[in-house]
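Got your viewer open? Let's take a walk through this one together, one selection at a time.

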Amino acid sequence: MAIIRPVSDLQRKVGELTRLAKETKEPIYLTKNGAEHLVLIDFDEFERLAKLAGGVAVIKVGAAT
């Protein structure tokens with residue numbers, strides 16, 4: 001089931017959104033003024049989807065070079 005929240009939750013409820021993304025592995029659709037704005041997704045799930053898409057570069061912050 002789609003998870004839809006206002007973008008204002010990103011500032012006010014970042015902990016809740018983080019937990020929800022990690023637990024459900026579902027994208028969270030953020031709206032602004034009732035319209036599509038951003039999609040928040042757990043990094044592991046993003047990495048999995050990027051591999052399926054083939055060729056999407058994934059950059060890990062803080063990874064050893």
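Which residues make a nonpolar surface patch of about 290 Å²? Select Ile4, Tyr29 and Val39, and you have them. Keep in mind that you are looking at a predicted model.

Stay on Ile4 for a moment. You'll find Ile4 in strand 1. Ile4 has a relative accessible area of 55%, and exposed means over 50%, so Ile4 counts as exposed.

Now zoom out and colour by secondary structure. The chain has 3 helices and 3 strands, and from the N terminus they come in the order β-α-α-β-β-α. The C-alpha atoms fit a box of roughly 40 × 25 × 20 Å along the principal axes. Of the 65 residues, 18% are buried.

Next, select the strands. They form an open sheet with the order 1-2-3 and mixed pairing. Strand 1 (3–6) and strand 3 (35–40) are at the edges with a single partner strand each, so each has one side without a neighbour in the sheet. Look along the sheet and check the twist: neighbouring strands are turned by 35 degrees against each other on average, ignoring direction.

Zoom in on strand 2, residues 28–32. Strand 2 and strand 3 run antiparallel, joined by 5 bridges. To see a bridge pair, pick Thr31 and its partner in strand 3, Glu36.

Last stop: select residues 14–24, which is helix 2. What does helix 2 lie across? Helix 2 lies across strand 1, strand 2 and strand 3, and runs at about 170 degrees to strand 1.

Methods: Residues are numbered from 1 along each chain as its sequence is written. This is a predicted model: local features need pLDDT of at least 70, side-chain atom pairs count only at pLDDT 80 or more; totals for chains, interfaces and linings use all residues. Side-chain values use heavy atoms; hydrogens and water are left out. Two strands pair if DSSP finds at least two bridges between them. Helices (H or I, at least four residues) and strands (E, at least two) are DSSP runs, numbered from the N terminus. Axes are lines fitted to C-alpha atoms, for helices over the stretch in contact, and angles run from 0 to 180 degrees between N-to-C directions. Contact means heavy atoms within 4.5 Å. Patches are made of residues with over 30% relative accessible area and no salt bridge: like charges are joined within 9 Å, nonpolar side chains (Val, Leu, Ile, Met, Phe, Trp, Tyr) within 5 Å. Accessible areas come from the Shrake-Rupley method with a 1.4 Å probe; for residues, only the protein chains shown count as cover. A salt bridge is a side-chain nitrogen of Lys or Arg within 4 Å of a carboxyl oxygen of Asp or Glu. Buried means under 20% relative accessible area, exposed over 50%, partly exposed in between (1.4 Å probe, protein chains only).
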